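Open your viewer and get ready to click along. We will go from stop to stop, selecting a few residues each time.

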Amino acid sequence: MSTYEAAGVDIEAGDRAVALMKDRVARARRPEVVDDASGFAGLFDASALLRYQRPLLASSTDGVGTKVMIAQRYGKHDTIGIDLVGMVLDDLVVCGAEPLFMTDYIACGKVVPERVAEIVGGVAEGCRLAGAALVGGETAEHPGAMGPDEYDLAGAGTGVVEAAGLLGPSRVRAGDVVLGLASSGVHSNGYSLVRHVLREASLSLDAELPELGRPLGEELLEPTRIYSLDCLELARSAEVHAYAHITGGGVESNLSRSLPGHLDALLDRSSWTPPAVFGVLAGHGSIAQHDMDRTFNLGVGMAAVVAADSADEALRVLAARDVGAWVLGEVVPGEGRARYR
């Protein structure tokens, strides 16, 4: 007899996963969330937007990429959800938007309730750190399409910004200062190259490298830093003109997106020292500087373009929030690109 279970889908396991994750999801809540007893949709009270004169809704969607393969190999699943939130909600804050809510989607070869609960727990923790609500999600079992220990996750987020407070290239002026906000490590970009280096150099995730002071797997799974609340506070306290979330493509590529066509960001590579993990990857992988620059964040997780007379205050605000930051460069006449001196 053919059954759904015989085909590889365990409905009861899915129900157990939902039960296990409920308490964790409850921590990622905002007062505007409205409960839907059916659970088919997440509800958010839009009357909260009435305080805006002209609210602009911002949306973003992303995944974690092949970093999930490191999590699967290392058997650590409780922080990969934080990475997802960082990739989704920190894109929203670039335009000045406050993240409001997020949904997630997990596809896996086999639902292991405890593992799914760990993943979703990470998403919930990331939403809490970003000040957003986790209003819903989906876990799908794909037997045959994925191995029993394989999974992937993606998410979508929504935020709001006052039209008059929209940040971006149109606000940037010559003489502005570019600040670098420290990353927590590799974040969630470049892991196809990371895995290539591990394979070619025969590096184990359990390797204890003296440069790192902890197992390589722990370093590579350090969760993405979430900047949403820091960036919102900075925009309230200083004259911020633009942000750039430093993800795939590196500092130059992402910062260029936040510049107008007649200005450049001239960056000082000597203004900071990249975390040791990037030296480990470059050394063991014989990666040229050009490829490091265009693949990794190299220690700069977010860049802020601020008015020159606000730079000191901006650095003070970030220091008070325990965000490492420094003067990364300046805005000069040019052709709309970020470049190193």
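Start in the middle of things by selecting Leu153, Val178, Leu220, Leu255 and Leu267 in this predicted model. They belong to the largest nonpolar core, which has 76 residues, and they are the ones that touch the most other members. Apart from that core lies another one, made up of 21 residues. To find it, highlight Val177, Met302, Val317 and Leu318, which are among its members.

Now keep Leu267 selected. Which residues does Leu267 touch, once those up to four places away in sequence are set aside? Color Val178, Val251, Leu255, Leu328 and Gly329, then add Ala338, Arg339, Tyr340 and Arg341, and you have the list.

**Next stop: Lys67**

Select residues 67-74 to show helix H2, where Lys67 has its place. Is Lys67 buried or exposed? Its relative accessibility is 0%, and since buried means under 20%, Lys67 counts as buried. To see what surrounds Lys67, leave out its neighbours within four places in sequence and show its contacts. Among them are Ile80 and Asp83, then His187, Ser188 and Tyr191. The run Leu220, Leu221, Glu222, Pro223 and Thr224 is also in contact with Lys67. You have met Leu220 already, as one of the residues picked out in the largest nonpolar core.

**Next stop: Ser256**

Move on to residues 250-256, which form helix H8, and click on Ser256 there. Not counting residues up to four places away in sequence, Ser256 touches Gly336, Arg337 and Ala338. Ala338 is on the list for Leu267 too. Try a distance next: how far apart are the C-alpha atoms of Ser256 and Gly299? The separation is 17 Å, for two residues that are 43 residues apart along the chain.

**Zoom out**

Now show the whole chain as a cartoon. You can look for eleven helices and twelve strands. The radius of gyration is 21 Å, close to the 20 Å that the globule rule gives for 341 residues, so the chain is as compact as a globular protein of that length. Rotate the C-alpha trace, and along its principal axes you will find a span of about 75 × 55 × 35 Å. Of the 341 residues, 51% count as buried.

Finish with the surface and the charges. The chain exposes about 15200 Å², with carbon and sulfur atoms supplying 51% of that area. Color the 29 positive and 47 negative charges: their mean positions are 3 Å apart.

Terms used. Residues numbered from 1 in each chain as written. Predicted model: local features only at pLDDT ≥ 70, side-chain atom pairs only at ≥ 80, totals over all residues. Heavy atoms only, no water. Helix = DSSP H or I, 4+ residues; strand = E, 2+ residues; numbered from the N terminus. Rg over C-alpha atoms; globule rule 2.2 N^0.38 Å. Buried < 20%, exposed > 50% of the residue type's maximum accessible area, 1.4 Å probe, protein only. Areas by Shrake-Rupley, 256 points an atom, 1.4 Å probe, with all protein chains shown as cover. Lys, Arg positive; Asp, Glu negative; His and termini not counted. Charge placed at Lys NZ, Arg CZ, Asp CG, Glu CD. Core = buried A, V, L, I, M, F, W, Y, C linked by side-chain atoms within 4.5 Å. Contact = heavy atoms within 4.5 Å.
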